[in-house]
Amino acid sequence: MSRPRVLLADDHRMVTEGLKGLLADDFELVGTVENGHALLAAAKRLRPDVIVADITMPQLNGIDALRLLKKHNPDVKVVFLTMHQDPAYARRALEAGAAGFVVKHAASDELVMAIHAALNGKTFITPALAGDVLHDIQHGAKQKNEGKNAITPRQREILQLLAEGRSAKEIAQTLSISARTVEFHKYQMMETHGLHSSAELVHFAIKHGIVTI
């Protein structure tokens with residue numbers, strides 16, 4: 001009987017090496033990637049049963065990568081393994097369609113449980129956060145979606161790279177667009193949200209959970 005196929009996405013190699021040892025007995029590990037764009041390509045190529053991904057990754061964070069994955073494959077199963085313990089991150093992950101949310105310092109068996117839950121069509125949240133996340137959802141917390149809804153997918157990519165300290169030229173090269181296009185998007189976002197500098201724009205994006213660093 002074949003074992004479930006798992007793809008790992010984390011930009012820390014020590015983490016992925018540790019995960020290989022943890023998961024090897026129960027699952028077939030089909031690959032590892034280190035950024036969000038590589039995750040999209042690998043998921044399409046390898047078609048794993050479950051993806052275990054970090055939220056904070058270069059170029060494209062895990063939650064935005066999940067949103068793009070869902071557009072092409074609504075049945076994709078992603079379990080997030082992250083350092084973020086803020087219930088708001090878990091809620092955002094679930095809203096994007098995540099099948100699980102596990103905090104990295106939690107017991108290792110939680111990740112195995114989360115993967116099995118995903119395979120069975122269920123959702124797993126680290127128990128220490130579950131109550132806060134459910135409370136957040138029940139009370140309709142939306143993290144000021146008015147601001148977030150005004151941000152396009154391309155602008156999210158640009159914001160993520162800005163938050164990582166990339167220059168307009170570097171962002172343009174990464175996204176295969178012109179530096180002028182990067183600046184246009186940047187100033188359009190600043191005007192929309194009443195901001196006056198790149199630093200204010202990045203602070204706004206982090207505060208509202210649009211990007212992760």
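**Salt bridges, cores and a pocket in a predicted model**

Trainee: In this predicted model, Arg91 forms a salt bridge with Glu95. How far apart are the closest N and O atoms?

Mentor: Arg91 and Glu95 both belong to helix α4, residues 87-96. They are four residues apart, about one turn of the helix. The closest N and O atoms of the pair are separated by 3.2 Å.

Trainee: Is Arg91 buried or exposed?

Mentor: A residue counts as buried under 20% relative accessible area. Its partner Glu95, at 44% relative accessibility, is partly exposed. Arg91 has a relative accessible area of 1%, so this residue is buried.

Trainee: Which residue of the salt bridge between Asp64 and Arg67 is partly exposed?

Mentor: The two side chains meet at 2.6 Å, N to O, and both residues lie in helix α3, three residues apart. Asp64 has a relative accessible area of 5% and is therefore buried. At 27% relative accessibility, the partly exposed residue is Arg67.

Trainee: Arg154 and Glu157 also meet in a salt bridge; which of them is buried?

Mentor: Their N to O distance is 2.9 Å, and the residues stand three apart in helix α8, residues 153-163, about one helical turn. With a relative accessible area of 30%, Arg154 is partly exposed. At 12%, which is under the 20% cut-off, the buried residue is Glu157.

Trainee: Which residues are linked with Asp10 in a network of salt bridges?

Mentor: The count of salt bridges comes to 10. A network of salt bridges links Asp10 with Asp54 and Lys104.

Trainee: How many residues does the largest nonpolar core have?

Mentor: Leu39, Ile51, Val78, Phe80 and Phe101 have the most contacts inside this core. Leaving out residues up to four places away in sequence, Val78 touches Ile51, Ala53, Leu66, Leu69, Ala98, Ala99 and Gly100. Another core, of 20 residues, lies apart and includes Leu162, Ile171, Met189 and Ile210. The residue count of the largest nonpolar core is 29.

Trainee: Which element gives the largest share of the lining of the largest pocket?

Mentor: The largest pocket holds about 330 Å³ of space. Of its 14 lining residues, Ala43, Lys44, Leu69, His72 and Asn73 are the closest to its centre. The elements that give two or more residues to the lining are α2 (36-46) and α3 (62-72). The largest share, four residues, comes from α2.

Trainee: How many charged residues are in that lining?

Mentor: By class, seven residues of the lining are nonpolar and two are polar. The number of charged residues is five.

Note on methods
Residues are numbered from 1 along each chain as its sequence is written. This is a predicted model: local features need pLDDT of at least 70, side-chain atom pairs count only at pLDDT 80 or more; totals for chains, interfaces and linings use all residues. Side-chain values use heavy atoms; hydrogens and water are left out. On a 1 Å grid over the protein atoms alone, a cavity is a set of points where a 1.4 Å probe fits but cannot get out, and a pocket is an open set with protein on both sides within 12 Å along at least five of seven lines; lining residues have an atom within 4 Å of a point. Grid points are joined across faces, edges and corners, and a volume is the space filled by probe spheres set on the points. Ala, Val, Leu, Ile, Met, Phe, Trp, Tyr, Cys and Pro count as nonpolar, Asp, Glu, Lys and Arg as charged, and the others, Gly among them, as polar. A nonpolar core is a set of buried Ala, Val, Leu, Ile, Met, Phe, Trp, Tyr and Cys residues joined through side-chain atoms within 4.5 Å. Buried means under 20% relative accessible area, exposed over 50%, partly exposed in between (1.4 Å probe, protein chains only). Contact means heavy atoms within 4.5 Å. A salt bridge is a side-chain nitrogen of Lys or Arg within 4 Å of a carboxyl oxygen of Asp or Glu.
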